[in-house]
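User: I've got this one open on my screen and I'd like a close look at a single part, taken slowly. Could you pick a stretch and walk me through it?

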Amino acid sequence: MSQPGDGPLSGYRIGVTAARKVEEQVTLLERRGAHVEVAPALSLDPHRVDDAQLRAATETVLDRPLDLFLATTGIGMKAWFEAAERWGLLEALLARIGEAEILARGPKSVGALRRYGLRELWAPESEEFEDVLDHLRGRDLTGRRIVVQEHGQSLSMVGHALRRRGADVTTVSVYRVVVAEDLEPVFRLIDQIADRRLDAVTFTSAPAVAALMDAAGSTGRRDEVVTAFQADVVASCVGPVTSAAFELWGVPTIFPERSRLAAMVKQLETELPSRREGLALELAGGHQLLLHGEDVLVDGVEVKLSPAPASVLQALVSNPGNVVSRQALLAMLPSGTAGSEHAVEMAVARLRAALGTRAVQTVVKRGYRLAVA
């Protein structure tokens, strides 16, 4: 555990689950005065699929022309190209991918492609694979040959969705992510979360979320961890992809507009003090929203909310201006009310009635967001 200093995060205790770039993250937090607890949830390096399996997948990619190629991670593309070079297949692989329409999930995969002379046709600003699929909706994929480069968590559901639309899909798993060999720091972190002895925990990958929740389940404290994250401990994510991993558990998260380590830490500088002092937001139309504990005030007037709309508001204010999916809101609803997405629509309707219709915006096919000035 690090020693605290002076700064905007002085007096705050923050857990770090990253294995890669952990020193950089700890330094950023310590410089701002935070007390840091380090508990890597994953192994330091991704574990590649064995050469024979990856080579077989590569030869499958090479055997026929390609229509679409979907690149998911920078580290995965780099590892694949390095392996292909060892086998003497790099030139053929680059030529095969180069003949296709290339879509990339984010800047890291874009960077890996460009280093090898490949150019993506499109990449979403959100860095979410869901938006890559949205980009393909409405297009006839019947008979189109698509190759999907998987990341540490399987994208088999993506392949299944594309196959249902008539596409001929090949998935290539370059590596898999495994949990850390020494889980004692993670178990200590779980106890600190469950006992509310931390103010926030940072996550820089979706597999780290899954690893922490699996470990919490093995200790019998997963429900306590989820409750702590829902009430007192901030789940701080580097971006929307990592944040989405919490949807299963109904945990509200915060993440910066740009999926960068420094931006995540910068967000904590304002988020943690505001939660301690009470969160004030300016809504569209010039109205002031103030949350302090369980009290909700609009323009100084207290607003009474039942549990379901209160849960929706909690999720929306955790990411003001950002879209929160219906599935994430559904998971946040209190037990007994979360039967279907209709329950989300009813909770949103009640929240709008209490706050004003312009406060909560619908984003078609995506979810809802809090309209902030």
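Analyst: First, a cut-off we'll need: a residue is called buried when its relative accessible area is under 20%. Keep in mind, too, that this is a predicted model.

Let's settle on helix α3, residues 74-87. Which of its residues are buried? By that cut-off, the buried ones are G74, G76, M77, A79, W80, F81, A83, A84 and W87.

Now for the length. The helix has 14 residues, and at 1.5 Å a residue it should span 20 Å. Its end C-alpha atoms do sit 20 Å apart, so the expected span and the model agree.

Both ends are worth a look. At the start of α3, T73 sends a side-chain oxygen to within 3.1 Å of the backbone nitrogen of G76, and G76 is itself on the buried list. At the other end, α3 is followed by G88, which has a positive phi, near 80°.

Step back along the chain and you reach strand β4, residues 68-71. Which way do its side chains point? L68 and L70 go one way, F69 and A71 go the other, and all of them are buried. That pattern fits a general rule: in a regular strand the side chains alternate between the two faces of the sheet.

β4 also has pairing partners. With strand β5 (residues 101-104), β4 pairs in the parallel sense over four bridges, and F69 has I102 as its bridge partner there. With strand β6 (residues 145-150), β4 again runs parallel, joined by three bridges; here L70 is matched with V148.

For contrast, try a sheet further along the chain. Strands β12-β13-β14-β15, in that order, make an open sheet of four with antiparallel pairing. Its edge strands are β12 (279-282) and β15 (301-302), each pairing on one side only. β15 is held to β14 (residues 295-298) by two bridges, and V298 stands opposite V301 in β15.

Last stop, a pair of helices. How do α13 (residues 307-318) and α15 (residues 341-355) cross? Their axes come within 8 Å, at an angle of roughly 80°, and the two are therefore roughly perpendicular to each other. On the α13 side the contact involves A308, P309, V312, L313 and L316, which meet A347, V348, R350, L351 and L355 in α15.

Technical notes: Residues are numbered from 1 along each chain as its sequence is written. This is a predicted model: local features need pLDDT of at least 70, side-chain atom pairs count only at pLDDT 80 or more; totals for chains, interfaces and linings use all residues. Side-chain values use heavy atoms; hydrogens and water are left out. The expected span of a helix is 1.5 Å times one less than its number of residues. Buried means under 20% relative accessible area, exposed over 50%, partly exposed in between (1.4 Å probe, protein chains only). A polar contact is a pair of N or O atoms within 3.5 Å; within protein, one must be able to donate a hydrogen and the other to accept it, and residues adjacent in sequence count only if both atoms are side-chain atoms. Two strands pair if DSSP finds at least two bridges between them. Axes are lines fitted to C-alpha atoms, for helices over the stretch in contact, and angles run from 0 to 180 degrees between N-to-C directions. Angles under 35 degrees count as roughly parallel, over 145 as roughly antiparallel, 65 to 115 as roughly perpendicular and the rest as oblique. Contact means heavy atoms within 4.5 Å.
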